[in-house]
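Trainee: I've got a new model open and I'd like to talk it through with you. Can we start with the overall fold and then get to the charged pairs?

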Amino acid sequence: MSASTTAYRASRTTERLDALVSGVREAVGRGLPPDLTAYLVGERLAPHLGAADLLTEEQREGDPERYRQHLLHAEHDGSFSVVGIVWLPGQRTPVHDHVSWCVAGVHEGAEHERRYRLIPASSGAPARLVATEDLVNGQGTVCGFAPPGDIHRVWNGGTERAISLHVYGADISRLGTSVRRVYELPADR
């Protein structure tokens, strides 16, 4: 993924971020299937979105070259990570899927998303991606998913900075990314 290359280390925390992490820890600790875990994590994330005391100024900084990821927390046992992503206008991800369940919530601005379905190669026709849904997720919107079938592209289609928080069911400080695969296949749009 073409995010800023920064050494992943948990940055400074706030009381509100600590409360969010505690809620996520409780939800993940139930040991439920990935889709249910993502739902519960989304419930814990939603009340914190848009709160002025969630992120530090440093955690709200973007990068003029590409979207920027800030590792906010990596759980000591590797069970989850919280990442803040800062999107300047026009910045986007490639089409990708993920290594684990994920919950994303828009903290500031809006995040555009196009979801895809993979059509496997058959009868001599190459594999391809079919767009299934286009969304504009505004401040406060939360969505969650679990592989397989979590193929999408995300971007800032607005004129102002956007910030989203992503909670992954993996140790992003160890893996370096939440991306399992980047898709270079033809897409219908």
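Trainee: How many helices and strands does the chain have?
Mentor: Keep in mind that this is a predicted model. Reading from the N terminus, the elements go α-α-β-β-β-β-β-β-β-β-β-α-β. The count for the chain is three helices and ten strands.

Trainee: What is the radius of gyration of the chain, and how does it sit with the globule rule?
Mentor: The C-alpha trace spans about 55 × 40 × 30 Å along its principal axes. For 189 residues the globule rule gives 16 Å, and the chain comes close to that, so it is as compact as a globular protein of that length. The radius of gyration is 16 Å.

Trainee: What share of the contacts between residues at least 6 apart joins residues at least 24 apart?
Mentor: As background, 47% of the 189 residues count as buried. Now take the contacts between residues at least 6 apart in sequence, and ask which of them join residues at least 24 apart. That share is 80%.

Trainee: On to charges. How far apart are the mean positions of the positive and negative charges?
Mentor: The chain carries 20 positive and 24 negative charges. Take the mean position of each set and compare the two. They are 4 Å apart.

Trainee: Which residue forms a salt bridge with E75?
Mentor: The structure holds twelve salt bridges, so let's pick this one out. The closest approach in this pair is 2.6 Å, N to O. E75 lies in the loop between β1 (68-74) and β2 (81-87) and its partner in helix α1 (residues 15-28), so the bridge ties together parts that are 50 residues apart in sequence. The partner is R25.

Trainee: Is E75 buried or exposed?
Mentor: The cut-off for buried is under 20% relative accessible area. R25 has 39%, which makes that residue partly exposed. E75 has 4% relative accessibility, so E75 counts as buried.

Trainee: Which residue meets R114 in a salt bridge?
Mentor: The N to O distance is 2.6 Å. The pair links distant parts of the chain, with R114 in strand β5 (residues 110-119) and the partner in strand β6 (residues 128-138), 20 residues apart. At 38% relative accessibility, the partner counts as partly exposed. The residue is D134.

Trainee: And which residue does E133 form a salt bridge with?
Mentor: Here the closest N and O atoms are 3.4 Å apart. E133 sits in strand β6 and the partner in strand β5, 18 residues apart. E133 is partly exposed at 34%, and the partner is partly exposed at 25%. The partner is R115.

Note on methods:
Residues numbered from 1 in each chain as written. Predicted model: local features only at pLDDT ≥ 70, side-chain atom pairs only at ≥ 80, totals over all residues. Heavy atoms only, no water. Helix = DSSP H or I, 4+ residues; strand = E, 2+ residues; numbered from the N terminus. Rg over C-alpha atoms; globule rule 2.2 N^0.38 Å. Buried < 20%, exposed > 50% of the residue type's maximum accessible area, 1.4 Å probe, protein only. Contact = heavy atoms within 4.5 Å. Lys, Arg positive; Asp, Glu negative; His and termini not counted. Charge placed at Lys NZ, Arg CZ, Asp CG, Glu CD. Salt bridge = Lys/Arg side-chain N within 4 Å of Asp/Glu carboxyl O.
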